[in-house]
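Work through the exercises below with the model open. Try each task before reading its solution.

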Amino acid sequence: MAITVKKVDRNVTMTLWERSYIPEMTRGMIITMKHFVVNLAGLALEVVGGKRHRKIMTIYYPEENPVIPPAYRGRPALVRAENGQEKCVACGLCEVACPPRCISIVGGERENGERYPVSYTLDGSRCIFCGLCEEACPKEAIVMSHDWKNLCEHDRSKMIYDKETLLYPERNLKKRLNVIREKYFNAKLYHKPSEKD
Amino acid sequence: MGIAEMIETIVKIGFIIGLTIGFFAPMLAWVERKQSAVMQDRIGANRADFFGFTVIGLLHSLADAIKLIFKEDFIPRGAERALHTLAPVIAVIPSLIAFAVIPFGGKYTLWGHEVNLVIADLDVGVLYVFAISSLATYGVVIAGWASNNNWSLLGGLRASAQMFSYEVAMGLTVIGLIMFYQSLSMVDIVAKQDNFFHWGIIWHWPAFVLFLACAVAENKRVPFDAPEAEAELVAGYFTEYSGMKFVMFWTAEFIEMVTIAGLCVALFFGGHHVPFITDAELAGGFSFLGPNVSNLVAMLIGVGVFIFKLVALLILQMTIRWTMPRFRYDQIMKLGWKMILPLSLTWIFIVGVGILTGVMPSP
C-alpha cells in the first residue's frame, strides 16, 4: 500500500495581519477558551444530569471501565465446551506458533481415544498477546479473551497460568469467537496475497 | 496616627495578605491545573481526597503544601548559603508590597470615620509600583547566581535582561495614561474613572495590550518564560530549590499575577466602579438603610466588583499562559526593544496630540 505523505510548506510567508501577532494570538485564545467553556459546561451537566456531554475522553479508571471492542486481544483463554471438557486436543500447533514460546502442553489420551491436554501451561509474563495461538488453533480451543484486568503481579511465578485458570466457558467467549470466525473463516475478509505484495 | 487608623490599616493589610497568599495563591495553583486540563480536553487533578471528598481537586493545593513542608530543604554544594536562602524571600516580598498602593475600593464614610480602601495612598503610586517591581529582579538574579548551577545562572541572566528590557517598555506604556488622568496617584486615577466613558480601557486599549504583554513578561510566565524554560534550562533560576523555598518562588509568581491583575483593574478597568453607576448613585440606591449602612453596602459591592474584575483578568492571564507557545530568547528581546518600546512611544505621542487637540477629553 502506498503511503500518503502530506507535504508541509515550511516556507510560509505570513501576511502583515498574521505577523502583527495580536489578532492571531486572540484567535488562538478564542479556540482554547471555546474548548474550556464547552468542556466546563459538559462537566457541569454531568454533575447535574449524570449523562456525558463532553469531548473529554478520560475514563475515571477504577470506578469506570473502558468499553472493550469485540476484536480486543486480552489474556488467552482455553474454551470449555458445553459438555464441560476443554476443546483442546493437545496438537501442539499453538506451542509451535507462539513467538515467545510461552505455551507448554503435555498431551494425553482419554479412555475413548480422544486426545486432551493433561497440563496446559501459559506463562503470562512472556505472552505478548499477539493472538497467533488463536490463529493456529484448528479447533477454536484457544482464543484471546477480554480479560485485561489484574494481569500484573509483583512475582513472576504467579503469572504462570495452569489449565484450570485458563479454562473459560464457551458462552463467555462468544464475542471474540465471532470475531475470529469473521476474520479467519470468512472468505471476504481473508487476506488474499495479491500481485502487489 | 490614631488608634482607629492603625486598626484600619492592619485590617486592610490583613485583607490583602489573606486575599493574595491565603486565597489567590492556592486557588491559582488549582486553576492552573484545572483550567489547563479542561482547556485541553482533559479532566485534571482530582484524586486527593479527604475522607472520600475530592472537592473537584481543590485539596491538591493542600496536599502539595503538606508534602512540600516536609520535603528536604536542599542546598547544593558550593552554593552561597546565605544568598540561596535569601533569594526566595527577596522574590516574594516585592510582589506582595506592590499591592499596597492598589486601591481595592473607594473612600467611604462609616460612622464618622473615613475609610479609604487602599493600604498606602501615595501621591506617586504608579512610580512606586514600578520601583518595587524592579526589585523583584534581584530575587531571581540572586537565586540564579547563588545556586552554583549553570542552568540557574543562565536563567538568572536571561531573567535580568528580560525584566530590565520590559520594565522600560512597561513604564512607557503607562505614561499616556498618566498624561490622560493627570495624576500619579492610583487613588486619583481610580476616582477619575467614576464615569464609564473615562475608563482606561475605552481610551487606552492599545496601552492595555502593551501593558499586559510587558507585565506578563515581567512575571516571566509563558510565553515569556525563557528564564525558567523547562525544555532548555531544567527550571531556570530555581532549579536548585526544593521544599518551601520552591513554593515561595511559585507563590511570588502567583501573587505577581494578582498584582498585575490589580494594576490593570485600577489603571484600565475602573477599579471598584460598576459601569454606568457612580459611587454616589450606588450609595444613594441603598439610602433607605441609613447613611452608614448604605455606605457599608456600597463598600462591599465595590470590593466585590474589584475582586470580580481581578478574577476575570486572572482568567485572561491563565488563558494566555495555556495558549501561547514560548518565545525564543532573541524574539523576546526583539519584541521588547523593537516592537513594544517604539509602539508605546508612539502611543504617548498620540495621546499627547489627542489631549492637546481636545479629541481625548481628560477627566
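## Exercise 1: One serine in chain B

This is a predicted model. Leaving aside neighbours within four places in sequence, B:Ser95 is in contact with B:Ala252, B:Ile255, B:Glu256 and B:Thr259.

**Task.** Place B:Ser95 in its secondary structure element, decide whether B:Ser95 is buried or exposed, and find the backbone oxygen that lies 2.7 Å from a polar atom of its side chain.

**Solution.**
1. Start with the element. B:Ser95 belongs to helix H3 of chain B, which covers residues 81-97.
2. Next, take the relative accessible area. For B:Ser95 the value is 3%. Buried means under 20%, so B:Ser95 is buried.
3. Then look at the side chain. A polar atom of the B:Ser95 side chain lies 2.7 Å from the backbone oxygen of B:Val92.
4. Put the pieces together. B:Ser95 sits in helix H3, is buried, and has contacts that include B:Ile255 and B:Thr259.

## Exercise 2: The interface of chains A and B

**Task.** Describe the interface of chain A and chain B: how many residues are in contact, how much area is buried, and how many salt bridges are counted?

**Solution.**
1. Count the residues. On the chain A side, 20 residues are in contact with 17 residues of chain B.
2. Take the area. The two chains bury about 1,600 Å² between them, and carbon and sulfur atoms account for 72% of it.
3. Find the main contributors in chain A. A:Tyr21, A:Met29 and A:Phe36 supply 31% of the area that chain A buries against chain B, more than any other three residues.
4. Sort the chain A side by class. The residues touching chain B are 12 nonpolar, 5 polar and 3 charged.
5. Check the polar side. There are 0 salt bridges between chain A and chain B. Polar contact is found for 4 residue pairs across the interface, both residues at pLDDT 80 or more.

## Exercise 3: The layout of chain A

**Task.** Which domains does chain A have, and in what pattern do its helices and strands follow along the sequence?

**Solution.**
1. Read the domain assignment. Domain 1 spans 15-66 and domain 2 spans 76-186.
2. Separate them in space. Taken over C-alpha atoms, the centres of domain 1 and domain 2 of chain A are 44 Å apart.
3. Count the elements. Chain A holds 6 helices and 6 strands.
4. Write them in order. The pattern is α-α-β-α-β-β-α-β-β-α-β-α.
5. Add burial. Of the 197 residues in chain A, 30% are buried.
6. Finish with contact range. Among chain A contacts between residues at least 6 apart in sequence, 64% join residues at least 24 apart.

Conventions. Residues numbered from 1 in each chain as written. Chains lettered and ligands numbered in written order. Predicted model: local features only at pLDDT ≥ 70, side-chain atom pairs only at ≥ 80, totals over all residues. Heavy atoms only, no water. Helix = DSSP H or I, 4+ residues; strand = E, 2+ residues; numbered from the N terminus. Buried < 20%, exposed > 50% of the residue type's maximum accessible area, 1.4 Å probe, protein only. Polar contact = N/O pair within 3.5 Å; in protein donor to acceptor, adjacent residues only side chain to side chain. Contact = heavy atoms within 4.5 Å. Buried area = accessible area lost by both parts, 1.4 Å probe. Salt bridge = Lys/Arg side-chain N within 4 Å of Asp/Glu carboxyl O. Nonpolar A, V, L, I, M, F, W, Y, C, P; charged D, E, K, R; others polar. Domains from an automatic or database assignment.
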